[in-house]
Amino acid sequence: MSCPRQIESSIHTDLGDKMTYTSFLRLDKLLDCQEIHSNPPHHDEMLFIIQHQTSELWLKLVIHELREALSYINADTLSPAFKIMSRIKHIQAQLLHQWDVLATLTPSEYTQFRYALGPASGFQSVQYRIVEFLMGNKDAKMIPVHAHDEQAVKDLNEALNTPSIYDAFIRLLARRGFDIPKEVLERDITVPHTSNPGVVEAFKKIYQHPKEYWDLYEMAEKLVDIEEQFAHWRFRHMKVVERVIGYKTGTGGSSGVDFLRKMIDHRFFPELWEVRTHL
């Protein structure tokens with residue numbers, strides 16, 4: 001027969017005026033954010049809400065980490081950025097595996113509360129768009145979607161006009177003496193970077209002499225890591241949408257699966273993939 005569990009005498013039990021787990025994490029607010037909109041309330045809407053709210057929390061952390069990595073790259077101090085980039089990769093893994101939970105939502109279940117979303121769609125995620133902008137996939141046409149939200153427009157414009165993590169890395173290569181073409185260094189950073197043979201040659205030199213350029217070599221591979229994870233996430237997103245709604249139009253008005261499929265092969269860092277063919 002097992003004995004009742006005893007609370008260790010050192011454990012704090014008088015918490016009336018002290019910081020607690022609940023107050024530190026603001027769980028009073030966090031756990032009050034799961035508002036069911038379907039009428040009558042449908043059981044599976046809670047899964048859908050928590051899945052997407054959790055994704056937004058992870059995206060918030062990705063933005064936080066990307067900006068810190070950018071500060072290190074701009075300061076030409078890559079070593080501290082390596083841990084940050086590894087952390088981003090692990091956060092992306094969490095975002096990827098979350099699709100496994102949402103995939104338990106069947107088409108029959110989703111149709112019972114889908115109407116409650118109205119025109120709401122993940123396409124409207126401000127944080128997802130900021131992540132894309134910080135990684136270099138910039139498109140000013142995406143900003144007017146948020147014209148109703150003054151703070152969102154401000155945040156998106158700031159990200160649009162901030163050099164992406166790839167722009168920052170290429171500028172670092174130039175500071176290190178690599179022959180980066182002027183048109184790359186002076187390009188309009190509010191549009192996506194396009195592949196340039198001069199940048200391919202710079203990466204070719206780094207990959208051919210990894211010991212000589214170890215920190216640049218390591219950073220290049222960290223960028224490939226997070227781009228590859230991004231592609232896995234996009235593919236899994238597309239397949240879960242296909243599984244749950246088939247080829248219906250998305251709630252936000254997009255073509256749904258076809259819209260998502262177009263983005264799977266997008267390259268944030270094109271020369272880092274092209275250089276592999278030239279080695």
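**Covered helices in a predicted model**

The buried residues of helix α6 are covered by parts of the structure that include α3 (45–74), α7 (150–160), α8 and α11 (214–245). This is a predicted model, and α6 is a useful place to begin reading it. Helix α6 spans residues 126–135, and because 9 of its 10 residues are buried, it is largely enclosed by the rest of the structure. The buried residues in α6 are Gln 127, Tyr 128, Arg 129, Ile 130, Val 131, Glu 132, Phe 133, Leu 134 and Met 135. Just after this helix comes Gly 136, which takes a positive phi of about 115°.

Helix α8, one of the elements that cover α6, is itself mostly covered, since 8 of the 11 residues in its range, 165–175, are buried. Those buried residues are Ile 165, Tyr 166, Asp 167, Ala 168, Phe 169, Ile 170, Leu 172 and Leu 173. Here too a glycine with a positive phi follows the helix, for Gly 177, just after α8, has a phi of about 105°.

From α8 the reader can move on to helix α13 (residues 270–278), whose buried residues are Pro 270, Glu 271, Leu 272 and Val 275. What covers them includes α8, α10 (197–208) and α11.

A single residue of another helix can be examined in the same way. Is Ser 55, which lies in helix α3, buried or exposed? Ser 55 has a relative accessibility of 15%, and because buried means under 20%, Ser 55 counts as buried. When its neighbours within four places in sequence are left aside, Ser 55 is in contact with Leu 95 and Gln 98.

Note on methods. Residues are numbered from 1 along each chain as its sequence is written. This is a predicted model: local features need pLDDT of at least 70, side-chain atom pairs count only at pLDDT 80 or more; totals for chains, interfaces and linings use all residues. Side-chain values use heavy atoms; hydrogens and water are left out. Buried means under 20% relative accessible area, exposed over 50%, partly exposed in between (1.4 Å probe, protein chains only). Helices (H or I, at least four residues) and strands (E, at least two) are DSSP runs, numbered from the N terminus. Contact means heavy atoms within 4.5 Å.
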